[in-house]
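Got the viewer open? Let's take a walk through this one, stop by stop, with something to select each time.

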Amino acid sequence: MAEATELRNELQMITSILGGETHLFHELIRPYERSVYVMALSFLHNEADAEDTAQEAFLKAYRNLSSFRGDSKFGTWLISITLNEARSRIRRKNAVKIESLDEPTGEDGHVSPALLRDWREIPSESLERQEVRHLLQEAIGSLPPIYRETFLLRDVEELSIAEAAQVLKITAVSVKVRLHRARMMLQKSLAPQLKQMNSKRRWFPWS
Amino acid sequence: MVLECKHVWEHISGYLDGTLDSEVQMQVQKHLEHCEICSAILDSTRNILILTADDRVYELPLGFSERLHARLDKELSGLAPPEKSET
Ligand SMILES: [Zn+2]
């Protein structure tokens, strides 16, 4: 029940911070630095903007800490703030460059996967190669925003379907639909590329 | 009822999450047992999800944490704790 203990500690920390022990905020957010940054990066596509957005999100969380009600996890609350911060940045940027935040094709859009006759497992060690990391970042980054959000919350940040629905203010059914599309889009774009890399060169000399 | 491939594709995500109705889950499973194409789709999707969930995909920029906490310090060492509601 490590998680329950963690949650209780977080609530205690928050109470203490509000009571004046503000330095505890450093400790409170430490486990979430990566999540917040990754969320921001997938929207802003450049490290400097993402870092700035992440910092803003943490500052907002601090300033609004008293409005945290404890009816969701602190991490989920923080991710919501990050998402809003990232979205509003994109809106400001879009005054110049147009990328719609709205759904591109409608909820009944259909995604067909890439057809392969077989699949040879790509080992996680392949992520040591920057080429592979870039490929994945690019594929996630080029998902339409509503699918990207859902995918990140669920499959990268590992929120539950209910938590993702809460953050996105949509139903659990919509989360599942969007998640399915996002995953199929990624399979479609990534599977052929990864497969080709896999056959071009082996990950390990002994594999 | 026998599922066609393209109907199986509609259930790949649910199948991976184990959120399908047990009957659909069984039909999909049966189909996968003899269909190489759908099995490859399932395997590749699962593989991709494992890769994208890996912490190594996104690296924090060098010094990210230091800069963040330095900026927070400025805010935190400022006057009061964040405004308190209802006390
Ligand atoms: Zn099939």
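## First stop: the metal

Start with the donor residues of the zinc ion, which follow the spacing C-x25-H-x3-C-x2-C in sequence. Keep in mind throughout that you are looking at a predicted model.

Select the zinc ion and show B:Cys5, B:His31, B:Cys35 and B:Cys38 as sticks. The cysteines bind through SG and B:His31 through NE2, at 2.0 to 2.3 Å. What geometry does the site of the zinc ion have? It is tetrahedral, with angles of 103 to 112 degrees among the 4 donor atoms. Switch on a surface for a moment and look for B:His31 and B:Cys38: both are buried.

## Second stop: across the chains

Now go to helix H4 of chain A and helix H5 (residues 64–77) of chain B, and pick out A:Glu51 in the former and B:Arg67 in the latter. A:Glu51 and B:Arg67 form a salt bridge, and their closest N and O atoms are 2.5 Å apart. This pair crosses between chains. The two ends sit in different surroundings, so colour by accessibility if you can: A:Glu51 is buried at 10% relative accessibility, while B:Arg67, at 36%, is partly exposed.

Next, select A:Asp52. Its side chain meets that of B:Arg71 in a salt bridge (3.4 Å, N to O). This pair also runs between chains, with B:Arg71 in helix H5 of chain B and A:Asp52 in helix H4 of chain A. B:Arg71 counts as partly exposed because its relative accessible area is 25%, and A:Asp52 is partly exposed too, at 30%.

Keep A:Asp52 selected and add A:Arg89. These side chains meet in a salt bridge as well, at 3.1 Å from N to O. The pair ties together distant parts of the chain: A:Asp52 is in helix H4 and A:Arg89 in helix H5 of chain A, 37 residues apart. Is A:Arg89 buried or exposed? Buried, because its relative accessible area is 14%, under the 20% cut-off.

Add A:Glu56 to the selection and you have the whole group: A:Asp52, A:Glu56, A:Arg89 and B:Arg71 are linked in a network of salt bridges. How many salt bridges are there over all chains? The count comes to 18.

## Third stop: a loop in chain A

Slide over to A:Ser72, in the loop between helix H4 (47–63) and helix H5 (74–93) of chain A. A:Ser72 is buried, with a relative accessible area of 17%. Which residues does A:Ser72 touch, leaving aside those up to four places away in sequence? Show A:Trp77 and A:Gln166 to see them.

## Last stop: two domains

Finally, colour chain A by domain: domain 1 covers 2–93 and domain 2 covers 124–200. Their centres, taken over C-alpha atoms, are 22 Å apart. The contact takes 13 residues from domain 1 and 12 residues from domain 2.

About 1,200 Å² is buried between the two domains of chain A, and carbon and sulfur atoms give 61% of that area. For the charged side of things, 2 salt bridges are found across this interface.

One more selection before you close the session: A:Arg87 and A:Glu149. Their side chains meet in a salt bridge, 2.8 Å from N to O.

Technical notes
Residues numbered from 1 in each chain as written. Chains lettered and ligands numbered in written order. Predicted model: local features only at pLDDT ≥ 70, side-chain atom pairs only at ≥ 80, totals over all residues. Heavy atoms only, no water. Donors = N, O, S within 2.8 Å, 3.2 Å for Na, K, Ca; no water. Tetrahedral: all angles 85-135°; square planar, octahedral: opposite > 155°, others 65-115°. Buried < 20%, exposed > 50% of the residue type's maximum accessible area, 1.4 Å probe, protein only. Helix = DSSP H or I, 4+ residues; strand = E, 2+ residues; numbered from the N terminus. Contact = heavy atoms within 4.5 Å. Salt bridge = Lys/Arg side-chain N within 4 Å of Asp/Glu carboxyl O. Domains from an automatic or database assignment. Buried area = accessible area lost by both parts, 1.4 Å probe.
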